[in-house]
Amino acid sequence: MFLVVLASSVTYLQQKKKKMVESVSITANEDILVDDDGKPKRTGTVWTATAHIITAVIGAGVLSLPWAMAQLGWIIGILSFLICSSVILYTSNLLTDCYRSPDSVTGQRNSTYMEAVKANLGGRMHLICGIVQYTNLTGATIGYTITTSISIVAIRKINCFHKKGVASDECRFSNNPYMIGLGIVEIFLSQIPHFHKISWLSIIASIMSFGYAFIGIGLSLATIIQGKGRSTYLIASKGQFTPDKIWNMLVALGNITVASSYCQIAIDIQDSLKSSTPENAVMKLANKIAIVTMTVIFLLCACSGYAAFGSDTPGSILMSSGFKEPFWLINIANVFIVIHLLGAYQVLCQPIYGVVETLAKQQWPSSTFIMEEFSMSIGKVKLNINLFRLVWRTVFVVVVTILAMAMPFFNEILALLGATAYWPLGIYFPVEMFIAKQKLKKRTFQWIGLQTLNAIFMLLAIAVACAAIHGLNESLRKYKPFMYKG
């Protein structure tokens, strides 16, 4: 049933766009409020696109990259960062040329990843794409809810440690009240209609991500300069290659690959760009700026954190298991994490909101509840309220919050979702669409190179998924639903 609904959604979108193009005549007049597909005029620039990408990739997960480096050692770790960044830049640029079809500059717009896959590959491949994409994005919102609550609890724990000592049994707090509080805030933020209206939120969130990343880097460098750094290793960590160590190495590779990927929202970001300069050219520049920035910050954070903690590097260097002093600075960093994740949550949700609202408009095009926008003002702020958007997005946030409370070990599930989504969304579909678009012949040099890239990352994804299942099995034995305390 879900497959049929997804297919009908894409067909509806394409038919709607065709009718809009026929009925709307676009001139050079700057007062015109719609683009060539009849949608509200896009206003995004290279800087708003860069902010969206940075908000998506430089998340709280950057603070776990020192742990990944500790599992892999200097040589494999640094190589992994450089290779993953190079590959994601290459495949993201391939995906950028699929936003319009058949021509990358003048063709018809594909506003979602699913539309791009259907336009370039045909058949039912877009259904697989949709299932993987929206499952992964929903999972990420649950993971963000958990991570945000952990950051808030970390503030309380660090203050408690400062007053009562690290060994105090009183410094354990439930995450549930903070997840509920986050859910309430996200209900309000979820009423922002679409990507074009959340650029300000992405810019604030990306500034916050730089803030806590550089606090972590600064504290690590201070530890090293003071001569308190721990022993590090060129390859992996000290000791024999036990099964647990191999599992951890695979999880570390998964953390690096998943942290660098944003392909699941790349088309949606590109769809927010104004078309005065071809969107693919602007998006490629945004890809380059964002990925170079991401790689520098990832390497700085991973290398400095590993040099500071050595083989004992914790899962997150700014949570309660990492740095504990100066407590006020660590509290500021955790506040930055919370603000960043509030914005990142909305960036990831926009494609989910969009596809459900499109389905609803397709099924009930004459419904006032679904179609009509009501204007209201709060002081000088003017708002457009849609009743369906209000109800459905509220329900979505409530369900995500309940699932986060029920499954505090969801980060292991997220690792599994990330591993299974990274390869198809970040590698397979961009490569296959490029081959189809360029009409590359089989067994040519370029075709063999692209398929080799496909195969290598497919095997890596399978290995990381196995490691994630192993970690999930361990977590199921340890945690109780709705009872987690940090």
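## A buried aromatic pair

Tyr353 and Phe396 are both buried in this predicted model. Their ring centres lie 5.8 Å apart and their planes meet at 85 degrees, so the pair is edge-to-face. Tyr353 sits in helix 11 (residues 327–363) and Phe396 in helix 13 (residues 387–406), so the contact ties together parts that are 43 residues apart in sequence. The model is predicted, and side-chain atom pairs count only at pLDDT 80 or more.

## Other aromatic pairs

The count of aromatic pairs comes to 11. One of them joins Tyr428 and Phe429. Here the ring centres are 5.3 Å apart and the planes stand at 70 degrees, so this pair is edge-to-face. Tyr428 is partly exposed, with a relative accessible area of 22%. That value falls outside the buried class, because buried means under 20%. Phe429 is buried, at 1%.

Tyr428 and Phe429 also belong to a cluster. Ring pairs link them there with Tyr113 and Trp423.

## Overall fold

The chain contains 15 helices and 4 strands. Of its 486 residues, 53% are buried. Contacts with a separation of 6 or more come to a great extent from distant sequence: residues 24 or more positions apart account for 79% of them.

Ala154 and Asn331 give one case of distant sequence brought together. They are 177 residues apart along the chain, and their C-alpha atoms are separated by 8.0 Å. Ala154 belongs to helix 5. At 2% relative accessibility, Ala154 counts as buried.

## Helix 2

Helix 2 covers residues 46–57, 12 residues in total. From first C-alpha to last it reaches 16 Å, close to the 16 Å expected at 1.5 Å a residue. Of its 12 residues, 11 are buried, so the helix is largely enclosed by the rest of the structure. The buried residues include Val46, His52, Ile53, Ile54 and Val57. Thr48, Thr50 and Thr55 are also among them. The cover over these buried residues includes helix 5 (125–164), helix 7, helix 8, helix 9 (263–270), helix 10 (279–309) and helix 11.

Trp47 is also found in helix 2. At 58% relative accessibility, Trp47 counts as exposed. Its C-alpha lies 9.8 Å from that of Met283, a residue 236 positions away in sequence.

## Helix 7 and its end

Helix 7 runs over residues 199–225 and has 27 residues. Its span from first C-alpha to last is 39 Å, close to the 39 Å expected at 1.5 Å a residue. Just after helix 7 comes Gly227, with a positive phi of about 80 degrees.

## The cavity

The count of cavities of 30 Å³ or more comes to 1. The largest cavity has a volume of about 30 Å³. Its lining consists of Gly254, Thr257, Ala419, Tyr422, Leu460, Ala461 and Val464. These lining residues divide into 5 nonpolar, 2 polar and no charged.

Three helices each supply at least two residues of the lining: helix 8 (243–260), helix 14 (410–438) and helix 15 (445–478). Helix 15 gives the largest share, with 3 residues.

## Backbone details in the loops

A cis peptide bond joins Ser101 and Pro102, with omega at about 0 degrees. Pro102 lies in the loop between strand 1 (100–101) and strand 2 (108–109).

The loop between helix 14 and helix 15 holds Lys439. Lys439 has a positive phi of about 55 degrees although it is not a glycine. Its relative accessible area is 69%, and Lys439 is exposed. Arg443 lies in the loop between helix 14 and helix 15 as well. Its phi is near 65 degrees, a positive value in a residue other than glycine. Arg443 counts as exposed, at 65% relative accessibility.

Notes: Residues are numbered from 1 along each chain as its sequence is written. Side-chain values use heavy atoms; hydrogens and water are left out. The expected span of a helix is 1.5 Å times one less than its number of residues. Rings of Phe, Tyr and Trp (its six-membered ring) pair if their centres lie within 6.5 Å; planes under 30 degrees apart count as stacked, over 60 as edge-to-face and the rest as tilted. Buried means under 20% relative accessible area, exposed over 50%, partly exposed in between (1.4 Å probe, protein chains only). On a 1 Å grid over the protein atoms alone, a cavity is a set of points where a 1.4 Å probe fits but cannot get out, and a pocket is an open set with protein on both sides within 12 Å along at least five of seven lines; lining residues have an atom within 4 Å of a point. Grid points are joined across faces, edges and corners, and a volume is the space filled by probe spheres set on the points. Ala, Val, Leu, Ile, Met, Phe, Trp, Tyr, Cys and Pro count as nonpolar, Asp, Glu, Lys and Arg as charged, and the others, Gly among them, as polar. Contact means heavy atoms within 4.5 Å.
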